[in-house]
Amino acid sequence: METRHLTYPETPDVYPSIMVLGFFDGVHKGHQAVINHAKRVAAEHNLPVTVVTFDPHPKQVLSNKPDAVRYITPLSRKLKRIEALGVERCLVLTFTKELANLSPQQFVDDYLIGAGAVHVTAGFDYSYGKFGEGTMETLPYHARDQFTTSVVTEQTMDGEKVSSTRIRKLLAEGQVDAAHELLGTSYVICGEVIHGDARGRTIGFPTANVLMDASYVMPRLGVYATRVTLPDGRTFRAMTNVGRRPTFYETGSVSVESHLFDFSEDLYGQVIEIEWIQYIRNERAFDGLDALVAQLKEDEVAARSILS
């Protein structure tokens, strides 16, 4: 996929295509419906699809809080997900206050008409321009007869809107399997394996202590059945703990530790992917190492069963 990053006042080259607009965090089933609609229109016109998205999230800029948003898919993963849907081209607009202050008409002139849009589509609740005053209802007017438009209606599952907000809530509740249903794939986060206490090795459960990218949504504290993929492409069944290790510390920062089954290699310094499959139990303190080890053995049996 050809990807171009633009920062206002940079503008795109003219490239006739079917354009689809959205932030697309998670590239969930609702987003997929919008992109697939654009692909059908593109096939009718014999034109490529261009996705127009933003980075960082508008809330992160407009709220002046760097931690205002936790991403389901940080930009690099979002682009991979979009490319996997068969999109030929992507424009990533750096979201700045200057870009946010463009009038709806100026945004359309510079980034849609100026990019050679033949047809533009988005979800029903998409907005653009200063204060989000541009909507899918106003887009035909702002198009100045230079492109046609279409709107993709709300996508629902179990009677509720499929949305990034809903997925973040499910992850925060530990419902990673329910999040999978909305995403169309497992939730995945990446991180570098760093040195930890190495206590797991002494009790027969060595773990990869993973330094997580702070921009990711972190699942609820607890133990999960997971799959871990290494940089060389190998994937191992695992169980992963997200927590503060209360058996050893009264307080502490949240850590992510994965125990890979049937694995004994050194992973320090490598960036691994953790695929979250199912929540097993809440994190809790144990009365000594024997009780902890007994529980870890039960967790391993549960995780292996889930992952088999």
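## Empty space inside

On a 1 Å grid over the protein atoms alone, a cavity is a set of points where a 1.4 Å probe fits but cannot get out, while a pocket is an open set with protein on both sides within 12 Å along at least five of seven lines; a lining residue has an atom within 4 Å of a point. Grid points are joined across faces, edges and corners, and a volume is the space filled by probe spheres set on the points. What you see above is a predicted model, in which local features need pLDDT of at least 70, side-chain atom pairs count only at pLDDT 80 or more, and totals for chains, interfaces and linings use all residues. Residues are numbered from 1 along each chain as its sequence is written, and side-chain values use heavy atoms, with hydrogens and water left out.

By this rule there are three cavities of 30 Å³ or more, and the second largest has a volume of about 60 Å³. Its lining is made of Gly26, Ile72, Thr73, Arg77, Arg81, Leu183, Thr185, Ser186, Tyr187 and Val188. Sorted by type (Ala, Val, Leu, Ile, Met, Phe, Trp, Tyr, Cys and Pro count as nonpolar, Asp, Glu, Lys and Arg as charged, and the others, Gly among them, as polar), this lining has four nonpolar, four polar and two charged residues. Helix α3 (75-84) and strand β11 (187-194) each supply at least two of them; helices (H or I, at least four residues) and strands (E, at least two) are DSSP runs, numbered from the N terminus.

## The largest pocket

The largest pocket holds about 1100 Å³ of space. Of the 42 residues that line this pocket, Phe23, His57, Asp125, Tyr126 and Ser127 lie nearest its centre. Two or more lining residues come from each of α1, α2 (58-62), α4, β6 (127-128) and α7 (164-172). By type, the lining splits into 19 nonpolar, 15 polar and eight charged residues.

## Two helices to look at

Helix α1 covers residues 29-45, and its 17 residues reach 24 Å from first C-alpha to last, close to the 24 Å expected at 1.5 Å a residue (the expected span is 1.5 Å times one less than the number of residues). Its buried residues (buried means under 20% relative accessible area, exposed over 50%, partly exposed in between, with a 1.4 Å probe and protein chains only) include His31, Ile35, His37 and Val41. Just after α1, Asn46 takes a positive phi of about 55 degrees.

In α3, the buried residues are Leu75, Arg77, Lys78, Leu79, Arg81 and Ile82. Gly86 follows α3 with a positive phi, near 90 degrees.

## Rings and charges

Rings of Phe, Tyr and Trp (its six-membered ring) pair if their centres lie within 6.5 Å; planes under 30 degrees apart count as stacked, over 60 as edge-to-face and the rest as tilted. The count comes to nine aromatic pairs. In one of them, Phe54 and Phe95 have ring centres 6.0 Å apart and planes at 80 degrees, so the pair is edge-to-face. Phe54 lies in strand β3 (residues 49-55) and Phe95 in the loop between β4 (89-94) and α4 (97-100), so the pair ties together parts 41 residues apart in sequence. Both are buried, and ring pairs link them with Phe107, Tyr111, Tyr126 and Tyr128 into a cluster.

Charges can sit over rings too (NZ of Lys or CZ of Arg within 6 Å of the ring centre and within 35 degrees of the ring normal). Lys78 lies over the face of Phe23, 3.8 Å from the ring centre, and Arg89 lies over the face of Tyr15, at 4.1 Å.
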